[in-house]
Amino acid sequence: MLPLTTRTKSLLAAALLAALAGCGIADETPEPRGGAKKEAAAVPAPPRKAVPAGLPGMPPVLDPDDIYAADRPGMLSPVVKNFPSRVYVPNTNSNTVSVIDPATYKVVETIPVGIQPQHVVPSWDMKTLWVNNNRGHTLTPIDPATGVAGKPVEVHDPYNLYFTPDGKYAVVMASLDRELVFRDPHTMERKKTVPVSCYGVNHADFSADGRYFVVSCEFSGELLKVDTAKMEVIGQQKLPLQGAMPQDVKISPDGKTFYIADMMAHGMWVLDGEKFTTPQLMPTGKGAHGLYISRDSKEMYIPNRGEGSISVFDFGRNKLTKKWHLPDGGSPDMGGVSADGKVLWLSGRYDSEVYAIDTATGEQLARIPVGGGPHGLAVYPQPGRYSLGHTGVFR
């Protein structure tokens, strides 16, 4: 072989580099691991879900995927953060309210109220607790800062009490009068009376945007849909079960579905509130009565009054995942979740007692004797910006 000249060597080297460059090997910047291109376009963030336009005057929805986002542990409003932690238990047969210290599981006070107290209801501004004296036709105000009861206010047939999301009206569920009565939320002066054709209006919950609410009619087995601003019934339907007896109503965290506990259907009805079509029944247990959301908005607790159990519904999995049975039985009825989310408090309707249940394990932590016929107890204070009423529905 003839020796290569310097010029020939230079030409060969240049040709080799050109060939390698054509194969992509001579690129000075190595290709990133995983095969991604060096200058790949950035992936755009998914569009954020729009917050629904709420009822005028209603505090804005914080998270369209979770209307209970303001109810997390520790998120106490400045209005309530200094209130002592208590459990207020209306004793329907004793005409009293038992006050429990949750730290000791002891009754620390018994407050005389009117005839047949049904529920203890936090006001929209969270400054007052209203005791619904159903047959006494009064509301007894309690100052949650001091625990002192004030002068009763005359209100006819106050079985239950709610507040519109804008704080403009109190809504009295006048069960035997067959009326929804819109009142001033502070003075309870009557503003508008809405007669209804169903029998036994008792529980309700509001849509995510606050523009309508769904009401259960216990004694006729019906549901109502009510326009909040117009204060008019815009929908009515009979539940598809003979003898249905709907109770508590609660909307899902994503605002898409209403659940209605039914003590005679032994489960909860699953309803599309917007379409207001015929709901489907999900069996939970005998005498399903109350509906309570966990502090992380992942689960809902359903006390089954007729069998002494609590069913647990998982929103993400859309199914019942657990059932806790009270030792020695009982009649778990209505109540609420502690401010830290660790304890579910329920009245024992037929057993003159209150149950404290560990929400992590379902273990009964305490069984506390109270007056006769304990019903809609309120755990107070709780996290949230405002109250929609009942035993404490906060958003």
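In what order do the four strands of the open sheet that includes S21 and S24 run? Keep that question in mind; the answer comes at the last stop of this tour.

**Before you start: colour by confidence**

What you have open is a predicted model, so begin with pLDDT. The protein chain averages 91, and 87% of the residues score at least 70. Now select residues 1–40, where the pLDDT is below 50. Beyond near neighbours in sequence, this stretch has nine contacts in the model. Where pLDDT is low, the predicted coordinates should not be read in detail. You can hide residues 1–40 for the rest of the walk.

**Stop 1: strand S13 and its hairpin**

Select residues 201–206, which make up strand S13. Six of its six residues are buried, leaving S13 mostly covered. Add residues 212–217 to the selection: this is strand S14, joined to S13 by five bridges in an antiparallel arrangement. Strands of a sheet pair through backbone hydrogen bonds, either parallel or antiparallel, so try displaying the backbone atoms here. Five residues sit between the two strands of this hairpin, and Gly210 takes a positive phi near 75 degrees.

**Stop 2: His203**

Staying in S13, click on His203. Is this residue buried or exposed? His203 is buried, because its relative accessible area is 0%. Look across to S14 and you will find Ser216 standing opposite His203.

Next, show side chains. His203 makes a polar contact of 3.2 Å with the side chain of Asn202. A polar atom of the His203 side chain also lies 3.3 Å from the backbone oxygen of Gln247. To see what else surrounds His203, display its contacts from beyond four places in sequence; among them are His119, Tyr159, Asn160, Tyr162, Met334 and His390. Val214, Val215 and Ser216 touch His203 too, as do Gln247, Asp248 and Val249.

**Stop 3: Asp205**

Move along S13 to Asp205. Asp205 counts as buried because its relative accessibility is 2%, which falls under the 20% cut-off. Two polar contacts are worth drawing as dashed lines. One joins the side chains of Asp205 and Arg395 at 3.2 Å. The other runs from a polar atom of the Asp205 side chain to the backbone nitrogen of Ile251, 2.9 Å away. With neighbours within four places in sequence left aside, the contacts of Asp205 include Tyr68, Phe213, Lys250, Phe258, Leu388 and Val393.

**Stop 4: the sheet from S17 to S20**

Ile251 leads to the next selection. Choose residues 246–251, strand S17, and then 257–262, strand S18. These two pair in the antiparallel sense over four bridges, and the bridge partner of Ile251 in S18 is Phe258.

Now widen the view to the open sheet of four strands, with antiparallel pairing in the order S17-S18-S19-S20. S17 and strand S20 (280–283) are at the edges: each has a single partner strand, so one side of each is left without a neighbour in the sheet. Turn the view and look for the twist, which averages 25 degrees from one strand to the next.

**Stop 5: the sheet from S21 to S24**

Here is the answer to the opening question: the order is S21-S22-S23-S24, in an open sheet with antiparallel pairing. Its edge strands are S21 (292–293) and S24 (319–325), each pairing on one side only. Select residues 309–314 to bring up S23, which is joined to S24 by six bridges and runs antiparallel to it. To finish, label Ser311 and Lys323, bridge partners across this pair, with Lys323 in S24.

Methods
Residues numbered from 1 in each chain as written. Predicted model: local features only at pLDDT ≥ 70, side-chain atom pairs only at ≥ 80, totals over all residues. Heavy atoms only, no water. Buried < 20%, exposed > 50% of the residue type's maximum accessible area, 1.4 Å probe, protein only. Polar contact = N/O pair within 3.5 Å; in protein donor to acceptor, adjacent residues only side chain to side chain. Contact = heavy atoms within 4.5 Å. Pairing = 2+ DSSP bridges. Axes fitted to C-alpha atoms, helices over the stretch in contact; angles between N-to-C directions. pLDDT = per-residue confidence, 0-100.
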